[in-house]
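Trainee: Could we go through this model together, beginning with one of its pockets?

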Amino acid sequence: MLDIKYIRENLQVVKEGAKNKGVDIDIGRLLEVDKKRREVLQALEDMRAQKNKASKEIPQMKDEKERGKIILKMRELDINSDRLNQELKSSEEEFNSLMAKIPNIPLEGVPVGKDDSENVVLKEVGERTKFDFTPKNYLDIAEKLDIIDVDRAAKISGTRFGFLKGEAALLEVALINLVFENLIKEGFIPIIPPVMLKPEMAWGMGYLEQTNSEEAYHLEADNLYLTATAEQSLGTMHSGEIFDEKDLPRRYLGFSTCFRREAGAYGKDTKGIFRVHQFDKIEMFSYCKPEHSLNEHEFLLEREEKLMQALEIPYHVLKICTGDLGTPAAAKYDIEAWIPSENRYRETHSTSNCTDFQARRLNIRYKDKTGKLNFVHTLNGTAFAIGRILISIIENYQQKDGSIKIPKALQQYFNLKMIKNK
RNA sequence: GGAAGAGUGGCUGAGCGGUUGAAAGCGCGGCUCUCGAAAAGCCGUAGGGGCGAAAGCCCCUCGUGAGUUCAAAUCUCACCUCUUCCGCCA
């Protein structure tokens, strides 16, 4: 959510930002409703002031007659205030729903573009893996080795699910260990969060109206949403709270299962575990002071790159353009890993600076030295999305005989150098 | 799921229909004292919103939302959260 004062004073910036994000907003209507809302509010407040004044006088009045007269007068006032209350409520409702549609403004330097085709490659890191044979698709390799089973998953759960078996399951544990070991050293607090959220919390993260109920799993009986990423529980965990300035930045590292309906992805990546309804992910989340969020974003990107470098997987970094940013983000980088069988890079990481957009909705602030309260900035970034990292490992570490080498950085965690056919 | 109790400012906690946005203590900030610190003393210290150039004036908020009343932290209802007990359970 943006600040209405900011919107009033920076109309052009807001319009331009929404346009570049490809979001339709009716800012004229918003300003109208805002004006109406303030007028009604003023009238209502005047009336309340009158009543408050009378309420203070009444207990002092000795004269029963005078007293009765004022009480009658106040009763009459009430009838009017009911009408004003209704008016205020309806303009406030419209105001809120219009406000909720206004996306965060892209930061300076974010490339303007309509969709993911206009994202900008910042750099390529690592040599694209070379083979002296034709590299196979990860699923073929994994199924031969019997470490990923999507057929049986389909039998019990439907499409877009998978079993990780044997060494694949062990690899997940190793990846978790690698991340926790390295990032806890950097001051991240390890977290295993709830994966169900109340509606108002899901709303607060700014993804609900964008994807609507389409993307999130909703548990009807309990009115809870399954989280699509730990970002949602890490970001809401401090809602309504006030940080001490000295406690910022606060960095969390959350491991959780993620649930996605993938409702808009019919026909996309239907095979295998690249795009599934359920996967595990380790997510970084930072709360920081506004003046530090640009640096913090670079910091998160660096952590992501370090992890990819530890696995020695070739990747490139994208600066995401305005049209591909999403509602809450003001800036975003993606990392895509090299996938030999497809001869292209595919997304494994994403890190966003949401500035104060989420903090405003969730009312997360910090107290500065002078005692003043300000909204924090929130940022998130993938450490590892297990399924996709597994894919990039299998693809890049495959051998001619169908076995998979295990990245050196992971070997220490389960005393195995190769995954071979049994 | 059943029963009982509770939710007040950064924290502890008083208030249980009327000058109470809220006592007291702690904490925090400033000042005095001190070579400095501690102790002591004095003063200050909730958030949000509207109007205004500002000073300031006003409104809202005692878990949330409705209601009763001229008037609600205080009464009623619903919901949320927590605690204890019973049931179930990894």
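Mentor: The second largest pocket is lined by L2, D3, Y6, N104, I105, P106, L107, E108, A330, T355, D356 and R360. This is a predicted model, in which local features need pLDDT of at least 70 and side-chain atom pairs pLDDT 80 or more, while totals for chains, interfaces and linings use all residues. Residues are numbered from 1 along each chain as written, chains are lettered from A and ligands numbered from 1 in written order, and side-chain values use heavy atoms, without hydrogens and water.

Trainee: How much space lies in the second largest pocket?

Mentor: On a 1 Å grid over the protein atoms alone, a pocket is an open set of points where a 1.4 Å probe fits, with protein on both sides within 12 Å along at least five of seven lines; lining residues have an atom within 4 Å of a point. Points are joined across faces, edges and corners, and the volume is the space filled by probe spheres set on them. For the second largest pocket this gives about 230 Å³.

Trainee: How do the residues of its lining divide by class?

Mentor: Ala, Val, Leu, Ile, Met, Phe, Trp, Tyr, Cys and Pro count as nonpolar, Asp, Glu, Lys and Arg as charged, and the others, Gly among them, as polar. The lining of the second largest pocket thus has six nonpolar, two polar and four charged residues.

Trainee: Why is C321 in no disulfide bond?

Mentor: A disulfide is a pair of cysteine sulfur atoms within 2.5 Å. C321 counts as buried, at 0% relative accessibility, where buried means under 20% relative accessible area with a 1.4 Å probe and protein chains only. The closest cysteine sulfur to that of C321 is too far for a bond: it belongs to C354, at 16 Å.

Trainee: Which residues come nearest to RNA strand B?

Mentor: A residue is near a strand if one of its heavy atoms lies within 4 Å of it. Of the 22 residues around RNA strand B, those that come nearest are R38, Q42, K51, I58 and R75. Of the strand's atoms that come within 4 Å of the protein, sugar and phosphate account for 75%.

Trainee: What distance separates a side-chain N or O atom of R75 from a phosphate oxygen of RNA strand B?

Mentor: A polar contact is a pair of N or O atoms within 3.5 Å. N52 has a polar side-chain atom 3.0 Å from a phosphate oxygen of RNA strand B. For R75, the distance to a phosphate oxygen is 2.3 Å.

Trainee: Which element gives the largest share of the surface near RNA strand B?

Mentor: Helices are DSSP runs (H or I, at least four residues), numbered from the N terminus. Two or more residues come from each of α1 (4-9), α3 (27-57) and α4 (64-100). The largest share, nine residues, comes from α3.

Key. Buried means under 20% relative accessible area, exposed over 50%, partly exposed in between (1.4 Å probe, protein chains only). A polar contact is a pair of N or O atoms within 3.5 Å; within protein, one must be able to donate a hydrogen and the other to accept it, and residues adjacent in sequence count only if both atoms are side-chain atoms.
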